[in-house]
Structures are given as structure tokens and as C-alpha cells.
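Hi everyone, and thanks for making time for this. I'd like to walk you through one model today, so please pull it up on your screens.

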Amino acid sequence: QVQLVESGGGLVQAGGSLRVSCAASGSIFSIVAMAWHRQAPGKQRELVARISRSGRANYADSVKGRFTISRDNAKNTVDLQMNSLKPEDTAVYYCNAALIPYVAGPTLEYWGQGTQVTISS
């Protein structure tokens, strides 16, 4: 069993900052990539940022220059630092991991339960 647990969401004014974190635990041999997605009310879930095991990151155009994703391979954690927040960043943020649960195992995808981020104008 693998669990992804997010923390750090909340309410902040526009222009402010928030940091959300995610910790993966359980049967994990190697985490290939970790990512943050978000889903706003009435909208589809979208990729916000993704980071490979080597640290290569890519971002949605809407957050480039404002958000930074980072990971700690030793702790199986991924963080998303969000600066210059806008009301349109309001959404439930979900942690996602593509990982190999055991030696020579398949690459499987797991999701966290989500954490609410609300930006007031």
C-alpha cells in the first residue's frame, strides 16, 4: 500500500504565498516522478508542475515564474512553493506520484486526497 498525504493548504490574500507539501509512504522502491495537479470548481483537473527523480521540473504556463516545485528523494516528499498568488489559483491541489513499489515492479500512479487552496481578492 502507498499513501500520499498533502498538507499546507489554506486561505491567503492575492499576492501572498503558500507552500503545500506531500509525503509518500508505504511500499516504495523508487519514485519516478512527482507532480502537483489542481482542480477548480467546474473545471477539469490540470497539471500544475512536475518534477523527475533527477530534479528536472516543468510547469503549466499559468504558474511559470510564480510556483516552484522541489522534491527530497531521501524523504519521498515533494513541495510546491506558490508565490504571487491570484484568485484564479483557487483550487484543490492534488499530489501525484509515479512510482515503482518493488524491485522490477511496474510503474504505478498514486494520488493524494487533495488540499484546498483559496486565494481571496
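Before anything else, a definition: when I say strand, I mean a DSSP run of E with at least two residues, and strands are numbered from the N terminus. With that in hand, I can place Thr90 for you: this residue lies in the loop between E8 and E9. I'll come back to Thr90 in a few minutes. Please also keep in mind that we are looking at a predicted model.

Let's start with the whole chain. How many helices and strands are there? The secondary structure comes to zero helices and 11 strands, so reading from the N terminus on, you get β-β-β-β-β-β-β-β-β-β-β. The radius of gyration is 14 Å, close to the 14 Å that the globule rule gives for 121 residues, so the chain is as compact as a globular protein of that length. If you prefer box dimensions, the C-alpha trace spans about 50 × 25 × 25 Å along its principal axes. Of the 121 residues, 45% count as buried. And for those of you who like contact maps: among contacts with a separation of 6 or more, 56% are between residues 24 or more positions apart.

Now to the inside. In soluble globular proteins, nonpolar side chains tend to be buried together. Here, the largest nonpolar core has 29 residues, and Trp36, Leu80, Met82 and Tyr93 are the ones with the most contacts inside it. Several strands give two or more residues to this core, among them E1 (2–7), E3 (18–26), E4 (30–39) and E5 (46–52). Which strand gives the largest share? That is E9, with five residues.

What about aromatic pairs? The count comes to zero. The rings do have a charged partner, though, and that is Arg45. The charged end of Arg45 sits over the ring of Tyr94, 3.7 Å from its centre. Arg45 also lies over the face of Trp111, at 4.7 Å from the ring centre.

Let's move to another arginine, Arg71, which has its place in strand E7. Is Arg71 buried or exposed? Its relative accessibility is 17%, and since buried means under 20%, Arg71 counts as buried. What does its side chain find there? One of its polar atoms lies 3.1 Å from the backbone oxygen of Ile31, and a polar contact of 2.6 Å joins the side chains of Arg71 and Asn73. Leaving out residues up to four places away in sequence, Arg71 touches a whole list of residues, including Ile31, Val32, Ala33, Met34 and Arg53. Take Met34 from that list: Met34 and Arg71 are 37 residues apart along the chain, yet their C-alpha atoms are separated by 7.9 Å.

Arg53 also brings us to Ser30. Ser30 is in strand E4 and is buried, with a relative accessible area of 16%. Beyond its sequence neighbours up to four places away, Ser30 touches Arg53, Leu99 and Ile100.

Now back to Thr90, as promised. Its side chain reaches the backbone oxygen of Pro87 at 2.9 Å, and it also reaches the backbone nitrogen of Ile119 at 2.9 Å. Setting aside neighbours within four places in sequence, Thr90 is in contact with Ala40, Gln116, Val117, Thr118 and Ile119.

Pro87 and Ile119 turn up again around Ala14. You'll find Ala14 in the loop between strand E2 (10–13) and E3, partly exposed, with a relative accessible area of 40%. Not counting residues up to four places away, Ala14 touches Leu85, Pro87, Ile119, Ser120 and Ser121. Ala14 and Thr118 are 104 residues apart in sequence and 9.4 Å apart in space, C-alpha to C-alpha.

One last stop, for the backbone enthusiasts. Most residues other than glycine have a negative phi. Which residues here have a positive one? Asn76 is one of them, with phi near 55°, and its place is the loop between E7 and E8. Ser84 has a positive phi of about 50°, and this serine lies in the loop between E8 and E9. At 42% relative accessibility, Ser84 counts as partly exposed.

That's my tour. Thanks for listening, and I'm happy to take questions.

Terms used
Residues numbered from 1 in each chain as written. Predicted model: local features only at pLDDT ≥ 70, side-chain atom pairs only at ≥ 80, totals over all residues. Heavy atoms only, no water. Core = buried A, V, L, I, M, F, W, Y, C linked by side-chain atoms within 4.5 Å. Buried < 20%, exposed > 50% of the residue type's maximum accessible area, 1.4 Å probe, protein only. Helix = DSSP H or I, 4+ residues; strand = E, 2+ residues; numbered from the N terminus. Phe/Tyr/Trp six-rings, centres within 6.5 Å; stacked < 30°, edge-to-face > 60°. Lys NZ or Arg CZ within 6 Å of the ring centre and 35° of its normal. Contact = heavy atoms within 4.5 Å. Polar contact = N/O pair within 3.5 Å; in protein donor to acceptor, adjacent residues only side chain to side chain. Rg over C-alpha atoms; globule rule 2.2 N^0.38 Å.
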